[in-house]
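Me: I am new to this structure and would like a close look at a single part of it, the sheet in the second domain of chain A. Please set that part in its surroundings as well.

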Amino acid sequence: MREQLLKIIERNSRIDLKELAVILGVEEADIIEELQKCEQEGVICGYHTMIDWDKVGVEKVSALIEVRVTPQRGQGFDKIAERIYKYPEVHAVYLISGGYDLLVSLEGKTLREVSSFVSDKLSTLDTVISTATHFILKKYKDHGTILEKKYEDTREKVTP
Amino acid sequence: MRNPLAEKVVDIPFSGIRKFFDIVSEMPDAISLGVGEPDFDTPWHIRDEGIYSLEKGRTFYTSNSGLKELRQEIANYMKRRQNLEYDPMKEVLITVGGSEAIDIGMRVMLNPGEEVLIPQPSYVSYEPCVVLAGGVPVIINLKEENEFRLTAQELLDAITEKTKILVLPFPNNPTGAILEEKDLREIAKVCVEKDIFVMSDEIYAELTYKEKHISIAQMPGMQERTILINGFSKAYAMTGWRLGYACGSAAIIEQMLKVHQYAIMCAPTTSQYAAVEALKNGDEDVQEMREAYNQRRRYLIHAFREMGLECFEPFGAFYIFPSIQEFGMTSEEFATRLLKEEKVAVVPGTAFGACGEGFLRISYAYSLENLKIAIERIGDFVERLRREQ
C-alpha cells in the first residue's frame with residue numbers, strides 16, 4: 001500500500017483521508033497510521049504547495065548554478081554542500097556526476113540579488129573553483145506538472 | 001430506380017448507443033460517463049516511435065499479416081503473460097482493431113445457418129457480424145445473480161446441433177464481469193465435449209483487478225479451437241491507432257489472412273511500429289493505468305453503495321453496471337431523464353442486449369475529479385426519484 005499511497009499524495013497532498021481509504025481499498029485508520037510512520041521515518045519530508053508565482057504578479061528570479069569545488073579531505077563534498085544549502089535563498093543542492101560537482105537551485109527577488117549572491121557569497125568560498133549561472137526564463141513543467149496547459153477531453157461523448 | 005440496398009444490411013438495427021450519442025452531442029455542457037475508451041493519452045514513448053517511423057519514411061504497406069517484428073512481439077507477449085505458444089509466422093494476424101478480427105473471424109468460420117452463441121450484455125458488434133457472415137446469432141442472457149458470468153449450464157442449455165461458435169467476451173464490456181479459472185475450466189469442458197469453437201474477445205485482458213487474466217485458450221484442449229482476439233486500444237490507450245490482432249490455429253488464421261488481404265491489405269503501418277514499442281517497453285505504463293482505473297473503480301462502487309444503488313463488484317474493464325430496477329423505469333427512461341435533468345450521460349444497459357434492461361453502463365475512464373462531479377449529480381437525481389415515489 002505504501003508505494004501507491006505515496007504516489008497519490010506526491011501529486012495531491014491535500015486529498016481527503018476518507019477518499020484515500022476508499023480508492024486504495026483500505027481502512028482510514030490504516031492510512032493515518034501509514035502516513036505517521038512515513039513522517040517519522042523521514043519518508044515524507046514535508047507537504048509543500050506548487051505555486052506559479054508569475055500569475056501572482058510577484059517578481060521572482062530563479063537560477064541554476066553549476067559549481068565546481070575542491071573536495072575536502074575526510075569530508076568529500078558534504079561539508080561544502082552544507083555551507084551552501086544553509087543559505088535560505090538556496091532552494092536545492094545536488095551532487096552531480098559529470099562536468100561539474102554541485103548544482104545549486106536558487107531563487108531571488110531580482111537579477112541583481114541572484115548575481116550578488118553568486119559573486120559575494122558562493123564564489124568567495126574557499127573550496128569553490130568556479131561557477132556558471134543559468135537564469136531560468138520560463139518553466140514549462142515542474143514537479144511532474146505541466147504549467148499553463150489545461151486538460152481537454154477530445155473524445156466523442158458516447159462510444160460503445 | 002431499384003432499391004440499391006441489401007435487405008440483410010437494412011434489417012440490422014443501428015446500435016442503441018447511436019441514438020443517445022445524438023442527444024448528448026446537442027448538450028455541450030453535459031458530463032459524460034458514456035465513453036468506451038481510455039482517458040489517458042497513448043504513452044509518449046509509444047507515440048514517439050510512431051512519429052519516428054514517419055520521419056524515417058516507413059509509409060508503405062507492411063506484409064498482409066503485419067510486421068514480422070510485431071507478430072514476434074505478440075508471440076512473446078502471449079508466452080510471457082498467458083503461457084501460450086503461437087507461431088508468429090502462421091498463427092498471428094495483425095488486424096485493424098479487434099473489431100476487424102471479430103468480423104473476419106466470423107466470415108471465415110460460418111456456413112449459412114450455423115449458430116453462434118453470444119452471451120449478453122456484451123459489446124454491440126458480435127450479433128451484426130454473425131448476421132453479415134450468414135450465421136445465426138443465438139443470445140444467452142447472463143444474470144446479475146451470477147455476476148454476469150457465463151455458466152457451463154447456461155452454455156449447455158443454449159447448444160443445438162447447429163451451434164458452431166461461442167463468443168466469450170470477458171473481461172466484459174458493459175458489465176465489467178470477468179471469468180476465473182474455475183468458470184473457464186467448466187466452459188472449456190463443454191466446448192470440447194460438444195465440439196464448439198470459441199471466439200474469445202480479450203481486448204480488456206490487461207484491465208483486471210483481482211487475479212491476472214486467464215484465457216480460455218489456456219484450458220486443456222482449447223488452444224486449437226479458440227480464436228483469441230486482443231489489441232492495443234484498451235491496454236495501451238491506443239484506440240485511435242486502430243490496431244488489434246488474432247491468434248489461433250494456422251488453418252483458421254490462414255483463411256482470415258485471405259479475407260484480410262482482399263478487404264484491408266494490411267493494418268496501418270505507423271500504428272504497427274508504435275505497437276512494437278508498446279509491447280517491448282509498455283508494461284509499466286499498463287501497470288500505472290491499471291492502478292488508476294482500480295482506484296476509480298473502488299471509488300465508484302463505494303459511491304453507488306452509499307447512494308443505496310445495487311451494484312455487484314466488477315473486476316474487469318473500466319465499467320460498472322449498477323441496477324436501477326427499484327425506480328420502475330426502463331434503462332432508457334432513466335438515462336434520458338438523468339441527461340436532461342442533471343446533464344450526466346450514461347449508457348442504458350439495453351444498448352448491449354435486451355437483458356441489460358434495468359441496468360446502466362457507467363464508464364470510469366475519467367479522472368476522479370470528473371467522477372466526483374458526476375456522482376454528486378447522480379446522487380441528487382436518485383434522491384429526487386425516491387421522493388417522487
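Reply: What follows starts with the sheet and its helices, and then moves outward to the rest of the model.

This is a predicted model, in which local features need pLDDT of at least 70 and side-chain atom pairs count only at pLDDT 80 or more, while totals for chains, interfaces and linings use all residues. Residues are numbered from 1 along each chain as its sequence is written, and chains are lettered from A and ligands numbered from 1 in the order in which they are written.

Chain A is divided into domain 1, residues 2–40, and domain 2, residues 53–138, with bounds that come from an automatic or database domain assignment. Between the centres of these two domains, taken over C-alpha atoms, there are 35 Å.

The sheet of chain A is open and has 4 strands in the order β2-β3-β1-β4, with antiparallel pairing; helices (H or I, at least four residues) and strands (E, at least two) are DSSP runs numbered from the N terminus, and two strands pair if DSSP finds at least two bridges between them. Because β2 and β4 (128–135) of chain A each have a single partner strand, they stand at the edges, and one side of each is left without a neighbour in the sheet. From one strand to the next the twist averages 20 degrees, where axes are lines fitted to C-alpha atoms, for helices over the stretch in contact, and angles run from 0 to 180 degrees between N-to-C directions.

At one edge, β2 (residues 90–95) and β3 (residues 102–108) of chain A are joined in the antiparallel sense by 5 bridges, and A:Val90 stands opposite A:Leu106 in β3(A). The hairpin of β2(A) and β3(A) has 6 residues between the strands, and there A:Gly98 takes a positive phi near 115 degrees.

Two helices accompany this sheet. Helix α5 (residues 78–85) of chain A lies across β1 (61–69), β2 and β3 of chain A and runs at about 165 degrees to β2(A), whereas helix α6 (residues 111–122) of chain A packs on the sheet by touching β1, β3 and β4 of chain A, its direction making about 15 degrees with that of β1(A). Contact here is said of two residues whose C-beta atoms, placed from the backbone, lie within 7 Å.

Looking beyond the sheet, 11 residues of chain A are in contact with 21 residues of chain B. Helix α2 (residues 17–24) of chain A gives the most to the side of chain A that touches chain B, with 3 residues, and by class that side has 5 nonpolar, 3 polar and 3 charged residues; Ala, Val, Leu, Ile, Met, Phe, Trp, Tyr, Cys and Pro count as nonpolar, Asp, Glu, Lys and Arg as charged, and the others, Gly among them, as polar.

Chain B, for its part, is assigned domain 1 (7–42 + 284–388) and domain 2 (60–281), whose C-alpha centres lie 25 Å apart. Chain B also has an open sheet, formed by 3 strands in the order β9-β12-β11 with antiparallel pairing, in which β9 and β11 (347–348) of chain B are the edge strands, each pairing on one side only. There, 2 bridges join β11(B) to strand β12 (residues 360–363) of chain B, and B:Pro348 stands opposite B:Leu360 in β12(B).
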